[in-house]
Amino acid sequence: MRDGITARAAAGEVLLADGAIGSLLLGRGLAPGAAPESLNLSAPHVLEEIAGLYLEAGAEIVQANTFGASPLKLAHYGLEGKAQAINEGGVAAVRRAVGERAWVAASCGPSGRILKPFGDTDEERMFSSFREQMRAVIGAGADVVCVETMSDVNEARLAVQAARSVSATIPVMATMTFEATPRGFFTIMGVSIARACRELAAAGADMLGSNCGNGSAQMVVIAREFRKATSLPLVIQANAGVPELRQGRVQYPESPEFMAAMAVEMRAAGATVIGGCCGTTPEHTRAMRRALGKES
Amino acid sequence: MEIVKQIAQSLEAGDDALVPQLTREALAQGIAATAILDDGLIAGMNAVGEKFRVHDIFLPDVLLAARAMYAGMDVLKPLLLSAGIPSRGRVVIGSVHGDLHDIGKNLVGIMLKGAGFDVIDLGNDVTAARFVEAARSREALVIGMSALLTTTMPVMKEVVDLLHKEGLGGRIKTIIGGAPVSQDYAAEIGADAYGYDCAQAVERVKQLAASAS
């Protein structure tokens, strides 16, 4: 199962990816204000449990808890010195849970820094931070790297190039987060879907798409736009809507059934890897699996 | 006043070399520093904020415009200080927890400075005690709090409660913002205002500062 994720996606097979990790961590001992990735060292069994829940729900791609584990990002918590162990621990926990029954995806989110000339961080520094993370996750045996939730195409490009510099063959997904504007979809940094496709493909990404954002209905539209802009396999991982406050608790409004119906629309729009982002649960994954007719 | 308009336009274009240069020229022409501030820098930054709100421009343009604004401010500041021109008041801002990045809070800070406020940015992971202590010791009129994670929202209520406990409630106003919070949440915890986006946050802070001072 571990080989050929890109080939199978390119052949048009729909592959089911998992849902959110962070919200499940909060109910399992993650202290408010702590780095979610610190649990990779202090409580790896929790991540194993969550990966097992998604595997059981039918996810074929299960993500490691390494979203914020680039050294630049970990520096926010003073944890940059532990980047290697945190990344390796995240990948290893998922591998223990899924074995060879699912692909292990290493998540790579934004550094939290803004590149020059708009911010204070130069490309070399950001690249070497991503490279350190990529070296650790690929060395630990990740099957695929998922660069995600990116707003700046240059930052995403550096992450993709960092993965490529470590391995010429590791499959790389790259997804960005878009907002609807009167002139079409753009990231907050002003990157269009066409530009994301062009630059990330040139950087060496194998699969392109979008994650996070404003709910799965809008993501169907984004998927259609991506399909027009690229022939590469398309990765779509939507939030369960925009969070709402109900009785003092924040909730994501989209039910597993609703997202499952949208997953069918995403497939019709050309998506090949379909999963969930913020607010999605193993129940969402299970419902998507049923709706996509992937029950074995 | 043609040159003041040019300052606003150069600021919108993010030209951080031209803005201070034109600012100096305007002063040499005898235009008052306050007029340059209001009709040049603040007017330009307001236009930038509005364009950003309607997605006409994106974050990089705002960041460049902010840099140009600061460059102009640096020229004006000594004059405004020596002339005893008061700022609109002091505002303490911070994130109760730093998430992906603190862009939202930073943008509000930029726009508040652009609107003439004296802004103290406490950064990320700011505790209730630090918010209140900074606001009291620096004689701020308003505390602005941002949250991106639902688990850290209770800090906002702690700030409101602590202000009341220390007898500062009503004297130091509070405004909240960030993805998980809402007008309802502001009402629930007793915060004085909620800002949906940067522009609204600045408008509300203006109102709060006027009512606090």
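Before anything else, a word on pairing: two strands count as paired here if DSSP finds at least two bridges between them. Please also keep in mind throughout that what you have in front of you is a predicted model.

Let me begin with chain A, where 8 strands form an open sheet in the order β1-β12-β9-β8-β5-β4-β3-β2, with parallel pairing. The two edges of this sheet are taken by β1 (15-16) and β2 (61-64) of chain A, and because each has a single partner strand, one side of each is left without a neighbour in the sheet. The partner of β1(A) is strand β12 (residues 273-276) of chain A, to which β1(A) is joined in parallel by 2 bridges. If you would like one position to look at, find A:Leu16, which stands opposite A:Ile274 in β12(A).

From there we can move to A:Glu60, a residue in the loop between α4 (44-57) and β2 of chain A. Is A:Glu60 buried or exposed? With 20 or more other C-beta atoms within 10 Å as the cut-off for a buried residue, A:Glu60 counts as buried, because 24 other C-beta atoms lie within that distance of 10 Å. Leaving aside residues up to four places away in sequence, A:Glu60 touches A:Leu15, A:Leu16, A:Ala102 and A:Trp103, and so we meet A:Leu16 again, the residue that stands opposite A:Ile274. A:His45, on the other hand, is 15 residues from A:Glu60 along the chain, and the C-alpha atoms of these two are separated by 20 Å.

Turning now to chain B, we find 9 helices and 5 strands, which follow the pattern α-α-α-α-β-α-β-α-β-α-β-α-β-α along the sequence. The C-alpha atoms of chain B fill a box of roughly 50 × 35 × 25 Å along the principal axes, and the radius of gyration is 17 Å, which agrees with the value near 17 Å that a compact globule of 213 residues would have. Buried residues make up 52% of chain B, and of the contacts between residues at least 6 apart in sequence, 74% join residues at least 24 apart.

The domain assignment divides chain B into domain 1 (2-82) and domain 2 (90-212), and the C-alpha centres of these two domains lie 25 Å apart. Their contact takes 11 residues from domain 1 of chain B and 10 residues from domain 2 of chain B. On the domain 1 side, the elements that give two or more residues are α3 (33-53) and α4 (59-82) of chain B, with the largest share, 7 residues, coming from α3(B). By character, the residues on that side divide into 8 nonpolar, 1 polar and 2 charged.

Within domain 2, I would like to follow one stretch of chain B from strand to helix to strand. Strand β1 (residues 90-95) and β2 of chain B pair in the parallel sense over 4 bridges, and here B:Val91 has B:Val119 in β2(B) as its bridge partner. Helix α5 (residues 103-114) of chain B has 12 residues, which at 1.5 Å a residue should span 16 Å, and its end C-alpha atoms are indeed 16 Å apart. How many of the residues of α5(B) are buried? The count is 12 of the 12, so this helix is largely enclosed by the rest of the structure; among them are B:Lys105 and B:Lys113. Just after α5(B), B:Gly116 takes a positive phi of about 100°.

Finally, strand β2 (residues 118-121) of chain B has a covered face with B:Val119 and B:Asp121, and an uncovered one with B:Asp118 and B:Ile120. In a regular strand, side chains alternate between the two faces of the sheet.

Methods
Residues are numbered from 1 along each chain as its sequence is written. Chains are lettered from A and ligands numbered from 1 in the order in which they are written. This is a predicted model: local features need pLDDT of at least 70, side-chain atom pairs count only at pLDDT 80 or more; totals for chains, interfaces and linings use all residues. The expected span of a helix is 1.5 Å times one less than its number of residues. Domain bounds come from an automatic or database domain assignment. Two residues are in contact if their C-beta atoms, placed from the backbone, lie within 7 Å. Ala, Val, Leu, Ile, Met, Phe, Trp, Tyr, Cys and Pro count as nonpolar, Asp, Glu, Lys and Arg as charged, and the others, Gly among them, as polar. The radius of gyration is taken over C-alpha atoms; the globule rule is 2.2 Å times the number of residues to the power 0.38.
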